[in-house]
Each structure stands twice: as C-alpha cells, then as structure tokens.
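Take a look at the model below. This short report walks through a histidine and then a group of aromatic rings.

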Amino acid sequence: MKITYHGHSVVKIETNGKTILIDPFITGNGLTDLKVENVKPDVIIISHGHGDHVGDTVQLAKVNDSLVIANDELSTYLSWQGLRVHGMHIGGSYQFDFGRVKLTQAFHGTGLQTGDNNIVYCGMPAGILFMSEGKTIYHAGDTALFSDMKLIGERHPIDVAFLPIGDNYTMGPEDAAYAAKLLGAKTIVPMHYNTFPVIRQDPQEFIKLLEDGNGKILNPGEGIDL
Ligand code: NI
Ligand code: MN
C-alpha cells in the first residue's frame, strides 16, 4: 500500500489495484502538486462538507466515474449532482473491495456555501479510518482534540495518522501532539497547515512536540510505503 500526501488534507492511498483520494481539494489549493486532469481516483472519500475538503469531487467523480464515500447527508447531496455515492455515518464501517472504511467522530462544522448566500447543511463532520492489507490509516479530518481519540487508537491500532495542526479551524500543534499521544499511532503526519495565512504553522516545531519522536513531515507529493 502506498500513501501520498498532496497538501492541505489531500491524501492518496493506492491499494488492491485501486486509487483512493481523501478530501480532493486541488483547485485553489496553492500547496498541492496535483492537477485535476492528471489524477484518476477510483474512489473519493470526503471527511466533511467544507469547500477545502469536498474540493474538486464533483468534476473528478464525473470524469473518472469514481465512487464517492461520505456521510449520508453529504453523499445524498452529491448524488443529486449525478455522482455515484456510498453513504455512511459515524461509527459505521463497510468492507469495500479495496479496503474497509470506518467513519469516526470529529468536532468541527459542516456546510457548503451556495451562490445565493445560503449554506447547505452536510451532516456531521467525520474522521476516516482506512484499513487494507493489514494496515490502518487514520485521517482525522478537521477536528478539535477529543479524549475519545484514545478509544479510536485502542479499537484500531493505527499505523499512520494524519492530524490537522493548523489551529484556528482545527487543533493547533500542541493539541495535535496531545492527540498523537492518545491515538498511539506508529507514525504521525501533520496536515491542514500553511494553505492559508490563518493556519500558518511550522511542522518542524510540531514534530518536536511529539514525545515518541514518531512524526514524519511529508511534502506535497511525498509518500509512505506500508
Ligand atoms: Ni472544515
Ligand atoms: Mn478544512
């Protein structure tokens, strides 16, 4: 299995002959190395209904006939735009042919802005557990620190955890370092930082806060072979 970071919260997983893209925010993401026309996801998983996570889902899924996995409200909304979806909800898991996906809680907001000054409610935000080839990846989505991260780590020993460190909208570095301790993941990768001025952080400083010395900074385009 290969896991590649593509800036902000964009993570690509290649396993069982499939390409899975999490939170495909490409257009408007000044940090990503991806181009919408070059990425061909078989599956898109969305943590929550915010623009910097839904991103280019509609275009990517239409062009590539990708299966879109998200919570039930967001997946229903996207199905109305012609996408092939699989709705889930927090605490539920499902065995797909490429791996098992389980949505976990996340403390955050949700909603897509429309052109006429409305916000479409998109269900509860989530974290994502992805299990394949005997390995477990945790993508925390956008979230605050919460003590049940300990429970998530106990129930599902995590090989690689992607944690937001940008602060302002999510955990900042100190809380994310505490989250890392609760999760007990083998490797911690920071995400959701430096995309916008308000979430500017130094990932090196975050890595230094990790008591277990298990942090790994991935630059956009860099990955981990599991
Ligand atoms: Ni968000
Ligand atoms: Mn976000």
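Where does H6 lie? This is a predicted model, and in it H6 sits in the loop between β1 (2–5) and β2 (11–15).

Is H6 buried or exposed? Its relative accessible area is 2%. Buried means under 20%, so H6 counts as buried. Which residues does H6 touch, leaving out those up to four places away in sequence? They are K12, N29, T32, D33, L34, P220 and G221.

**Aromatic rings**

Now turn to the rings. The structure holds 6 aromatic pairs. Two of these pairs are set out here.

| Pair | Distance between centres | Angle between planes | Type |
|---|---|---|---|
| Y94 and F96 | 4.7 Å | 70° | edge-to-face |
| F98 and F130 | 6.1 Å | 10° | stacked |

Why is the pair of Y94 and F96 edge-to-face? Planes over 60 degrees apart count as edge-to-face. The planes of Y94 and F96 are at 70°, so this pair fits. For stacked rings, the planes must be under 30 degrees apart. F98 and F130 have their planes at 10°, so they are stacked.

The stacked pair links distant parts of the chain. F98 is in the loop between β7 (93–96) and β8 (99–105). F130 is in strand β11 (residues 126–132). The two residues are 32 residues apart.

How accessible are these residues? Y94 is partly exposed, at 41% relative accessibility. F96 is buried, with a relative accessible area of 8%. F98 and F130 are buried too.

Together, Y94, F96, F98 and F130 form one aromatic cluster.

Notes: Residues are numbered from 1 along each chain as its sequence is written. Chains are lettered from A and ligands numbered from 1 in the order in which they are written. This is a predicted model: local features need pLDDT of at least 70, side-chain atom pairs count only at pLDDT 80 or more; totals for chains, interfaces and linings use all residues. Side-chain values use heavy atoms; hydrogens and water are left out. Helices (H or I, at least four residues) and strands (E, at least two) are DSSP runs, numbered from the N terminus. Buried means under 20% relative accessible area, exposed over 50%, partly exposed in between (1.4 Å probe, protein chains only). Contact means heavy atoms within 4.5 Å. Rings of Phe, Tyr and Trp (its six-membered ring) pair if their centres lie within 6.5 Å; planes under 30 degrees apart count as stacked, over 60 as edge-to-face and the rest as tilted.
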